[in-house]
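Reader: I have the model open and want to go through how its pieces pack. Can you take me through it?

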Amino acid sequence: MAGFGNVNRALVRLLARKQQELRALGIDYRVTGVGSRRLGWIADPEGLDLAAIEAGSSQRSRLAPHASELCKWLGTAKADVLFEATSLSVKDGQPAIAYIRAALESGAHAITANKGPVIHAYRELTELAAAKRRRFLFESAVMDGVPIFSLFRENLPAVQLRGFHGILNSTTNLILTGMEQGLTFEQSLSRAQQLGIAETDASHDIDGWDAAVKVAALVTVLMGIQMRPEAVKRQGIATLAAAAVRQARAEGKPFKLVCRAHRAGTDVEASVGPEQVPLTDPLALVNGTSSMICFETDIFPALTITENDPGVETTAYGMLADFVRAVGD
Ligand SMILES: NC(=O)c1ccc[n+]([C@@H]2O[C@H](COP(=O)([O-])OP(=O)(O)OC[C@H]3O[C@@H](n4cnc5c(N)ncnc54)[C@H](OP(=O)(O)O)[C@@H]3O)[C@@H](O)[C@H]2O)c1
């Protein structure tokens, strides 16, 4: 496990809870390596005492020496799979890309919840994985583990995706819901922060960057056009006045931060911005931290997926499902 924050810790709990189901699929596991800047890079091929690591009281004698290089750490851990869940770097996707590359080079599957490697190195890592007969999978990178990428890869053969629209950022949707309920922007943001949904610095969400990164990842993988987040026309919600948000809801056309992507000739045009949505549109019913995506395809005119009240467990589940896909074949 590269990174040992909310997601990988939730994955550890979920793997333990689903041990029986995994065994029924012929899969057993042990966690043999954990790494982060603060923890260092810990490895033991016999399995790690994760509770001790989480509590910060692991016995150093139980640990293999710190690996100065990632390959050495992977080798010491004898890793079959790397679960990559380090922080997102929108600028260059590092160090996640380097970790995933090293894992694939060493013969391990690479599974990530991180959007960085998808927007910056999807093609390269997919090709490397294929050359090494391993999998590079990232179901949890968009919509917290809801099966979107695998839906197209495994269940919609030969379908052409013409475009999609949806609500993909929980923080801004929660803030807008709070403003509709009478809070100011600042009060609603502060409530989202108290609930642990919004970061202390929530500008990445509020300015529409998180949604733009997700749109770029979906376009890159599902529409086959390499798209960077900067190419997504972007407007956040900071300029929306609370009174306007309340009035819009009262008039039956609430504001939502809507993501859009559509083919335009050989290219794709994509945008993120606040829109007033009529109540007849399912997007208007998406409140709080929930999200929704509607795919427009040549076969299914509108294939819609709604995710109500996601949590870190659903993100961990996306990684577990990728794990089964990678090693269960
Ligand atoms: N939380 C969610 O529900 C969710 C949902 C979908 C996707 N994701 C994605 O999943 C990833 C992890 O999210 P999270 O919520 O678990 O974040 P988090 O709690 O902040 O944990 C991030 C982990 O990455 C480590 N890390 C950061 N920079 C590193 C570096 N340069 N080298 C090694 N380790 C590093 C951190 O430890 P140190 O500080 O010790 O290095 C920490 O253990 C992110 O990319 C996020 O965008 C999260």
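Author: Start with H4 and H5, whose crossing is right-handed; that is, the near helix is turned clockwise from the far one by less than a right angle, while an anticlockwise turn would be left-handed. Helices here are DSSP runs of H or I with at least four residues, strands are runs of E with at least two, and both are numbered from the N terminus.

Reader: Which residues of H4 and H5 make the contact?

Author: Leu70, Cys71 and Leu74 come from H4, and Ala98, Tyr99, Ala102 and Ala103 from H5. Contact means heavy atoms within 4.5 Å.

Reader: How do those divide into nonpolar, polar and charged?

Author: Seven are nonpolar, with no polar and no charged residues in the contact of H4 with H5. Ala, Val, Leu, Ile, Met, Phe, Trp, Tyr, Cys and Pro count as nonpolar, Asp, Glu, Lys and Arg as charged, and the others, Gly among them, as polar.

Reader: At what angle do the axes of H4 and H5 cross?

Author: The axes of helix H4 (residues 70-77) and helix H5 (residues 96-105) cross at roughly 50° and come within 10 Å. Axes are lines fitted to C-alpha atoms, for helices over the stretch in contact, with angles from 0 to 180 degrees between N-to-C directions. H4 and H5 are therefore oblique to each other; under 35 degrees counts as roughly parallel, over 145 as roughly antiparallel, 65 to 115 as roughly perpendicular, and the rest as oblique.

Reader: Before the sheets, what are the ground rules?

Author: This is a predicted model, in which local features need pLDDT of at least 70 and side-chain atom pairs count only at pLDDT 80 or more, while totals for chains, interfaces and linings use all residues. Residues are numbered from 1 along each chain as its sequence is written, and side-chain values use heavy atoms, with hydrogens and water left out.

Reader: OK, sheets. What is the order of the six strands?

Author: S7-S9-S8-S6-S10-S11, in an open sheet with mixed pairing. Two strands pair if DSSP finds at least two bridges between them. The edge strands, each pairing on one side only, are S7 (233-234) and S11 (303-307). Helix H8 (residues 170-180) packs on this sheet, touching S6 and S8 (255-264), and its direction makes about 140° with that of S8.

Reader: How many bridges between S6 and S10?

Author: Six, with S6 (residues 161-167) and S10 (residues 291-297) antiparallel. Phenylalanine 164 has phenylalanine 295 of S10 as its bridge partner. Phenylalanine 295 is in turn the bridge partner of leucine 303 in S11. S10 and S11 are antiparallel over five bridges and form a hairpin with five residues between them.

Reader: How many residues of S10 are buried?

Author: Seven of the seven, so S10 is largely enclosed by the rest of the structure. Buried means under 20% relative accessible area, exposed over 50%, and partly exposed in between, with a 1.4 Å probe and protein chains only. Ser291, Ile293, Phe295 and Thr297 cover one side, and Met292, Cys294 and Glu296 the other.

Reader: And the three-strand sheet, what order?

Author: S3-S4-S5, open and parallel. Four bridges join S3 to S4 (residues 109-112), and phenylalanine 83 stands opposite isoleucine 111 in S4.

Reader: Last one: what does alanine 212 contact beyond its neighbours within four places in sequence?

Author: Pro229, Val232, Arg234 and Val272. Alanine 212 is in helix H11 (residues 209-222) and counts as buried at 0% relative accessibility. The C-alpha atoms of alanine 212 and valine 232 are separated by 5.9 Å, though 20 residues apart along the chain.
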